[in-house]
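Student: Please take a close look at one part of this model, the unit that links two strands through a helix, and describe how the rest of the chain is arranged around that part.

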Amino acid sequence: GSGITPAFQVIQAILRDPKDSTSLWLLFANQTESDILLREEIDAFAQQHPERFRRWYVVSQSVPDGWQYSAGRVTQDLLQEHLPQPGEDTL
């Protein structure tokens, strides 16, 4: 499987809790755009919570014309560009 289900459940629980101010980043890599599970739900969370939830997609094959996210493999440069730098309190 893609492993998105556990991450999605955590994202959903945090964003639905009005007392939780946790900021979240999701970098989700797939082979093709059509392989992106829960995309509508993930995009909706990003639209509803733009200050708290950021997502970035990566596809490695069949990159569609006009694709606004990354293509290829997940690299250290890609992680540094789209995820926050670790802080002293980062686990």
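Tutor: In this predicted model, E1, H2 and E2 make up a β-α-β unit of right-handed sense. The strands of the unit come first, then the helix, then what packs against them.

E1 and E2 are paired in the parallel sense, with 7 bridges between them. One of the pairs sets leucine 26 against arginine 55, its bridge partner in E2. The sheet is open and has 3 strands, in the order E1-E2-E3, with parallel pairing. E1 and E3 are the edge strands, each with a single partner, so one side of each has no neighbour in the sheet. E1 is nonetheless mostly covered, since 5 of its 7 residues are buried. On the other side of the unit, E2 is joined to E3 by 2 bridges, and these two strands also run parallel. There valine 59 stands opposite alanine 71 of E3.

The helix of the unit, H2, spans residues 39-48, and its buried residues are Arg39, Ile42, Asp43, Phe45 and Ala46. These residues lie on the same side of H2, because the arc they cover around the axis is only 155°. The spacing fits a general rule: an α-helix has 3.6 residues a turn, so residues three or four places apart point the same way. The face of H2 turned away from the buried side carries Glu40, Gln47 and Gln48, which are exposed. H2 lies across E1 and E2, and its direction makes an angle of about 140° with E2. Both strands contribute to the cover over the buried residues of H2, as does helix H1 (4-16); E1 is residues 24-30 and E2 is residues 53-59.

H1 also lies across E1 and E2, running at about 155° to E1. The two helices and the two strands meet in the largest nonpolar core, which has 17 residues. Ile11, Leu26, Phe28, Ile42, Phe53 and Tyr57 are the residues with the most contacts inside this core. H1, E1, H2 and E2 each supply at least two of its residues, and H1 gives the most, with 5. Ile42 thus appears both among the buried residues of H2 and among the core residues with the most contacts.

Leucine 26 can serve as a local example of this packing. Leaving aside residues up to four places away in sequence, leucine 26 touches Ile4, Ile11, Ile42, Phe53, Arg54, Arg55 and Trp56. Among these contacts are Ile11, Ile42 and Phe53, which are themselves listed with the most contacts inside the core.

Two loop residues deserve a note on backbone geometry. Most residues other than glycine have a negative phi. Leucine 38, in the loop between E1 and H2, has a positive phi, near 60°. Its side is neither fully covered nor fully open: leucine 38 is partly exposed, at a relative accessible area of 29%. The second case comes after the unit, at serine 62, in the loop between E2 and strand E3 (70-71). Phi of serine 62 is also positive, near 50°. Serine 62 is exposed, with a relative accessible area of 59%.

Notes. Residues are numbered from 1 along each chain as its sequence is written. This is a predicted model: local features need pLDDT of at least 70, side-chain atom pairs count only at pLDDT 80 or more; totals for chains, interfaces and linings use all residues. Side-chain values use heavy atoms; hydrogens and water are left out. Buried means under 20% relative accessible area, exposed over 50%, partly exposed in between (1.4 Å probe, protein chains only). Helices (H or I, at least four residues) and strands (E, at least two) are DSSP runs, numbered from the N terminus. The arc is that of the directions from the helix axis to the C-beta atoms. Contact means heavy atoms within 4.5 Å. A nonpolar core is a set of buried Ala, Val, Leu, Ile, Met, Phe, Trp, Tyr and Cys residues joined through side-chain atoms within 4.5 Å. Two strands pair if DSSP finds at least two bridges between them. Axes are lines fitted to C-alpha atoms, for helices over the stretch in contact, and angles run from 0 to 180 degrees between N-to-C directions. A crossover is right-handed if, with the strands pointing away from the viewer, the path from the first strand over the helix to the second runs clockwise.
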